[in-house]
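Student: I've got a chain open on my screen and I'd like to talk it through. Can we go over it piece by piece?

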Amino acid sequence: MSLIRRGSAFDPFSLDLWDPFQGFPFGSGSSSLFPSFGGTNSETAAFAGARIDWKETPEAHVFKADVPGLKKEEVKVEVEDGNVLQISGERNKEQEEKTDTWHRVERSSGKFLRRFRLPENAKTEQISASMENGVLTVTVPKEEAKKADVKSIQISG
């Protein structure tokens, strides 16, 4: 298996845990010798891996997450350990009425959680977030690059 999957790029700052034993008969389940790292079941598989773009501009790191149908109250943006951005949320299943007959259920439900290790130049105390049309935008301002202090030294002799 390669580090780059079709349609997504390898993210060296991601804290997502890759399970090399996923799909093997001895698996990574609770009865296995290997601990489970938050595997998803079929109910949450489609929504669990919320798609997030991360771009860096001269002024900030900008994260954009597709969270269609969620209200801002259903999404959490947090900073852990001073430099780990955590974006999480949950879409609940629609209530089933006994008189309803479902013909197709394609919209996903469940929880999602994504973590990103922020670079040292991130101003975590100034993070802002907004949500519009199902897109969460998190802006992490950057510290200005420090200019090297140049001190002239007199040459004697």
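Student: Of the contacts in the chain with a separation of 6 or more, what share comes from residues 24 or more positions apart?
Tutor: Bear in mind that this is a predicted model. Take the contacts whose partners have a separation of 6 or more, and ask which of them link residues 24 or more positions apart. That share comes to 54%.

Student: What pattern does the chain follow along the sequence?
Tutor: The secondary structure amounts to one helix and seven strands. Reading along the sequence, you get α-β-β-β-β-β-β-β.

Student: What is the strand order in the open sheet of four strands?
Tutor: Let's build it pair by pair. Strand 1 and strand 2 run antiparallel and are joined by five bridges, with a hairpin of three residues leading from one to the other. Strand 2 also pairs with strand 7, antiparallel over seven bridges, and strand 7 is joined to antiparallel strand 6 by five bridges. Put together, the order is 1-2-7-6.

Student: Which strands stand at the edges of that sheet, and why is one side of each left without a neighbour?
Tutor: Each edge strand has a single partner strand, so one of its sides has no neighbour in the sheet. The strands in question are strand 1 (52-56) and strand 6 (128-132).

Student: By how much are neighbouring strands of this sheet turned against each other on average?
Tutor: Direction is ignored here, so to speak, and the figure is an average over neighbouring strands of the sheet. It comes out at 15°.Student: Which residue in strand 7 is the bridge partner of S130?
Tutor: Some other pairings help you get your bearings: D53 has K64 in strand 2 as its bridge partner, and D66 stands opposite V135 in strand 7. For S130, the partner in strand 7 is T137.

Student: Is T137 buried or exposed?
Tutor: T137 lies in strand 7. Leaving aside neighbours within four places in sequence, T137 is in contact with V62, F63, K64, S128, A129 and S130. Its relative accessibility is 16%, and since the cut-off for buried is under 20%, T137 counts as buried.

Student: Which strand gives the most to the largest nonpolar core?
Tutor: This core has 16 residues, and F63, I87, L136 and V138 touch the most other members. Two or more residues come from each of strand 2 (60-66), strand 4 (84-91), strand 5 (110-117) and strand 7 (135-141). With three residues, the one that gives the most is strand 7.

Student: How many of the seven residues of strand 2 are buried?
Tutor: Look at F63 for a start: beyond its neighbours within four places in sequence, F63 has contacts that include W54, L85, F116, L136 and V138. Strand 2 as a whole is mostly covered, and the number of buried residues is five.

Student: What is the relative accessible area of S88?
Tutor: S88 is found in strand 4. Setting aside neighbours within four places in sequence, S88 is in contact with E74, V75, K76, F112 and L113. S88 is buried, and its relative accessible area is 11%.

Student: What percentage of the accessible surface of the chain belongs to carbon and sulfur atoms?
Tutor: Of the 157 residues, 25% count as buried. The accessible surface of the chain comes to about 12,700 Å². The part of that surface belonging to carbon and sulfur atoms is 49%.

Definitions and conventions:
Residues numbered from 1 in each chain as written. Predicted model: local features only at pLDDT ≥ 70, side-chain atom pairs only at ≥ 80, totals over all residues. Heavy atoms only, no water. Core = buried A, V, L, I, M, F, W, Y, C linked by side-chain atoms within 4.5 Å. Buried < 20%, exposed > 50% of the residue type's maximum accessible area, 1.4 Å probe, protein only. Contact = heavy atoms within 4.5 Å. Pairing = 2+ DSSP bridges. Axes fitted to C-alpha atoms, helices over the stretch in contact; angles between N-to-C directions. Areas by Shrake-Rupley, 256 points an atom, 1.4 Å probe, with all protein chains shown as cover.
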